[in-house]
Number of protein chains: 2
Amino acid sequence: MPLIRQARRQGGLALLAKQQGLRLTRQRRLIYSILEAAQTHLNAKQILAEAQKFDPGIDQVTIYRNLAVLKRLRVVDELDLLHLKGDQHYYEARQVRAHSHVACLSCGKVFEFYTPAMKTIDQALEKECGFEVSFTRIEIGGYCAECRKKRGVSPASLKGHKVPRSVEPERI
Amino acid sequence: MPLIRQARRQGGLALLAKQQGLRLTRQRRLIYSILEAAQTHLNAKQILAEAQKFDPGIDQVTIYRNLAVLKRLRVVDELDLLHLKGDQHYYEARQVRAHSHVACLSCGKVFEFYTPAMKTIDQALEKECGFEVSFTRIEIGGYCAECRKKRGVSPASLKGHKVPRSVEPERI
DNA sequence: ATCTATTTGCAAGTCATTTGCAATAACAAC
DNA sequence: GTTGTTATTGCAAATGACTTGCAAATAGAT
Ligand SMILES: [Mn+2]
Ligand SMILES: [Mn+2]
Ligand SMILES: [Zn+2]
Ligand SMILES: [Zn+2]
């Protein structure tokens with residue numbers, strides 16, 4: 001059985017951890033399982049809150065340390081979400097299919113988006129630059145369809161964020 | 001003359017600022033001109049250091065406040081650079097052509113990359129979701145061609161960051 | 001020159017994240 | 001199962017990026 005399949009069956013972690021001299025602690029399993037099960041993107045504080053439901057003694061620093069490990073193992077991805085919600089980061093278990101994160105600057109909604117062009121970027125980079133891509137983070141800010149309807153085509157003011165469409169720098 | 005052209009001739013700022021009730025202070029011009037002239041991505045501290053060469057009295061908080069304004073005006077973009085260099089952000093004047101930022105996890109090098117697929121993503125999002133894109137941040141981590149050569153095809157260890165290629169989760 | 005609202009500098013505060021360290025626990029070897 | 005080694009944890013303290021409050025300064029309109 002290919003290594004990667006086996007790793008997946010064990011929760012994606014066991015084999016990876018062993019190969020690195022890492023230990024599969026109760027806390028590490030728990031944190032990863034929380035991210036695997038999560039329906040939204042969680043920040044470090046939210047992960048702690050969820051983890052303490054199962055392990056009341058777990059500490060915030062353990063969350064941070066394990067997030068670092070899980071990122072290194074490429075089983076967890078870190079998102080910035082364009083600092084829409086403060087200066088913290090958000091985390092999600094890595095999906096089979098990569099996706100980008102789109103944030104509405106008006107209502108704050110964040111949704112995931114996939115288009116084949118995303119893969120094309122990685123391929124272009126590998127082909128043109130010989131770069132080996134480990135992870136790709138695509139975060140897009142703008143105005144969602146609903147907010148555009150509410151405010152006419154050009155989203156007028158968001159908490160004083162008035163940027164007339166006509167003078168936004170063009171992007172080629 | 002179209003507004004956007006005129007805004008560009010005036011440093012991109014004057015017209016935009018006026019329309020928003022913003023004032024073109026000495027400090028604001030300086031900060032923007034520093035980013036316009038910069039050959040690399042600068043963090044808030046570096047921008048302060050550079051600004052103080054011309055205006056010794058300028059304060060760090062003025063840098064932060066103006067970066068917020070310039071981001072809102074869409075004339076400056078904020079980068080995360082995948083936290084390769086700590087937990088700060090980096091800034092650059094918005095270019096005519098958008099580009100992505102690629103960071104080597106081995107040598108720390110950061111370079112810019114453009115491929116038409118980037119624009120395709122925005123278009124797909126606008127077409128499929130009716131989303132109006134204001135800015136797109138694409139950050140990619142991996143191993144550059146040079147580092148790959150040095151260490152064979154699979155980059156071995158970076159400060160204890162050993163992740164065997166064979167067990168990396170596949171991405172479709 | 002005058003007026004008014006925006007912006008600045010300074011000081012203090014916030015809070016996400018990191019670090020030091022002794023105690024605990026994985027897990028490999030016996 | 002017992003033992004030994006070393007990664008990991010929890011707690012406390014520190015770090016540092018960024019924000020906020022406020023009075024003084026000043027951009028820009030009249
Ligand atoms: Mn960030
Ligand atoms: Mn750039
Ligand atoms: Zn919206
Ligand atoms: Zn490199």
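This is a chat about a predicted model with two DNA strands and a manganese ion.

Trainee: Before I dig in, what are the ground rules here?
Mentor: It's a predicted model, where local features need pLDDT of at least 70, side-chain atom pairs count only at pLDDT 80 or more, and totals for chains, interfaces and linings use all residues. Residues are numbered from 1 along each chain as its sequence is written, chains are lettered from A and ligands numbered from 1 in the order in which they are written, and side-chain values use heavy atoms, with hydrogens and water left out.

Trainee: OK, DNA strand D. Which residues come nearest?
Mentor: There are 20 residues around it, and A:Arg23, A:Arg28, A:Thr62, A:Arg65 and B:Leu24 come nearest. A residue is near if one of its heavy atoms lies within 4 Å of the strand.

Trainee: And which part of the side chain of A:Arg65 faces a base nitrogen?
Mentor: An N or O atom of that side chain, 2.6 Å from a base nitrogen of DNA strand D. The side chains of A:Arg28 and A:Thr62 go to phosphate oxygens of DNA strand D instead, at 2.5 Å and 2.3 Å. These are polar contacts, meaning a pair of N or O atoms within 3.5 Å; within protein, one must be able to donate a hydrogen and the other to accept it, and residues adjacent in sequence count only if both atoms are side-chain atoms.

Trainee: Which helix gives the most to that surface?
Mentor: Helix 5 of chain A, with 4 residues. Helices (H or I, at least four residues) and strands (E, at least two) are DSSP runs, numbered from the N terminus.

Trainee: Switching to DNA strand C, which residues are closest?
Mentor: Of the 22 that surround it, the closest are A:Leu24, B:Arg23, B:Arg28, B:Thr62 and B:Arg65. Sugar and phosphate account for 64% of the atoms of DNA strand C that come within 4 Å of the protein.

Trainee: Any phosphate contacts to look at, and what are the distances?
Mentor: A polar side-chain atom of A:Tyr64 is 2.8 Å from a phosphate oxygen of DNA strand C. For the side chain of B:Thr25, the distance from an N or O atom to a phosphate oxygen of that strand is 2.9 Å. B:Asp59 uses a backbone N or O atom, 3.4 Å from a phosphate oxygen of DNA strand C.

Trainee: New topic: what are the protein donors of the manganese ion?
Mentor: A:Asp80 (OD), A:His89 (NE2), B:Asp80 (OD) and B:His89 (NE2), lying 2.1 to 2.7 Å from the ion. Donors are N, O and S atoms within 2.8 Å of the metal (3.2 Å for Na, K and Ca), and water is not among the atoms, so sites may look incomplete.

Trainee: Are those two histidines, A:His89 and B:His89, buried or exposed?
Mentor: Both A:His89 and B:His89 are buried. That's under 20% relative accessible area, with exposed over 50% and partly exposed in between (1.4 Å probe, protein chains only).

Trainee: Last one: how many aromatic pairs are there over all chains?
Mentor: The count is 2. In one, A:Phe111 and B:Phe131 have ring centres 5.8 Å apart and planes at 75°, so that pair is edge-to-face. Rings of Phe, Tyr and Trp (its six-membered ring) pair if their centres lie within 6.5 Å; planes under 30 degrees apart are stacked, over 60 edge-to-face and the rest tilted.

Trainee: How accessible are A:Phe111 and B:Phe131?
Mentor: A:Phe111 is partly exposed at 23% relative accessible area, whereas B:Phe131 counts as buried at 1%.
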